[in-house]
Amino acid sequence: MSFETVSQARCFGGTQFVYRHVSRETSTAMRLAVFVPPQAQDRKVPVLWVLSGLTCTEENFTVKAGAQRVASELGLMLIAPDTSPRGEGVPDDPEAAYDFGLGAGFYVDAVQEPWAKHYRMRSYIERELPELIAENLPADMSRQGITGHSMGGHGALTIALRNPGRFKAVSAFAPIASPMNCPWGEKALGNYIGSDRSAWRDYDACALIEGGVRLPNLLVDQGTADSFLDSQLKPGLLEEACAKVGQPLTLRMQDGYDHSYFFIATFIEDHLRWHAERFRL
């Protein structure tokens, strides 16, 4: 299986692509944005996965974060997948709520109907898409990092924790720290996974850390003016879980910043350079 090029544009000496392919996991067509830096003309380059939040597509990070300039300098490939399956026949929340259904896949493999056939974002991101990237792009899969925002931060943390050793660096912007303990997460996990809360633990960073999984390092930025800070994100739970078991965590509370892409654009360079250091670039 190869990628169909939807669009491409020259950008800081590299190329910003949008690709489309038919996914075996979601049984739909999926889109992803990939920035290929100029260094990829001569060699394979490290990969940084970027997972977006509720309501987003592959476009949000690509257009709003302003990451390509520094990624070009450092020689990083940026991969920004969509956040859920889409298309005819893909179920959505009947109330058209923004926090469930289309645009809100929560990076889980759903087991409840009618979600189970298409909502398989865990397997799509963990297995299928890495195989396609390795087959079709000049990616050094021995040097991977992952980051994400909000729901995507939850995705980045849990995917990294479930796949120890795959990622040399892990970071997040305002992640949903413990979906088991917030309304967004309880709604998503209850509907996608079912009422057995023990089955939710695979999708909760704090629970995975408490269960013994470790990361070599972790960087989290969180704005103090984020309207979701206390009700949904709860970084204190992540801080507590990490402190309890000695998991290294750098949690930076950024004064006055909210949940928007203005926040991400402000600190994205820090994160790219942090990942590059761990790739030894």
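This section describes the overall fold of the protein and the setting of His275. The model is predicted.

The secondary structure comprises nine helices and nine strands. Along the principal axes, the C-alpha atoms occupy a box of roughly 50 × 45 × 35 Å. The radius of gyration is 17 Å. For 281 residues, a compact globule would be expected to show a value near 19 Å, so the protein agrees with that description.

Contacts within the chain reach across the sequence. Of those with a separation of 6 or more, 72% join residues 24 or more positions apart. Burial was assessed over the 281 residues, and 59% of them are buried. The exposed surface of the protein comes to about 11,100 Å². Carbon and sulfur atoms supply 48% of that area.

Charged side chains number 27 positive and 34 negative. The centres of the two sets lie 6 Å apart.

His275 was examined as a single site. This residue belongs to helix α9, which covers residues 261–278. Its relative accessibility is 0%. The cut-off for burial is under 20%, and His275 therefore counts as buried. Neighbours within four places in sequence were set aside in listing the contacts of His275. The remaining partners are Leu48, then Gly145, Ile146 and Thr147, and finally Ala169, Val170 and Ser171. His275 of helix α9 is thus a residue with 0% relative accessibility and with contacts to residues including Leu48, Ile146 and Val170.

Conventions
Residues are numbered from 1 along each chain as its sequence is written. This is a predicted model: local features need pLDDT of at least 70, side-chain atom pairs count only at pLDDT 80 or more; totals for chains, interfaces and linings use all residues. Side-chain values use heavy atoms; hydrogens and water are left out. Helices (H or I, at least four residues) and strands (E, at least two) are DSSP runs, numbered from the N terminus. The radius of gyration is taken over C-alpha atoms; the globule rule is 2.2 Å times the number of residues to the power 0.38. Buried means under 20% relative accessible area, exposed over 50%, partly exposed in between (1.4 Å probe, protein chains only). Contact means heavy atoms within 4.5 Å. Accessible areas come from the Shrake-Rupley method with a 1.4 Å probe; for residues, only the protein chains shown count as cover. Lys and Arg count as positive and Asp and Glu as negative; His and the chain ends are not counted. The place of a charge is taken as NZ of Lys, CZ of Arg, CG of Asp or CD of Glu.
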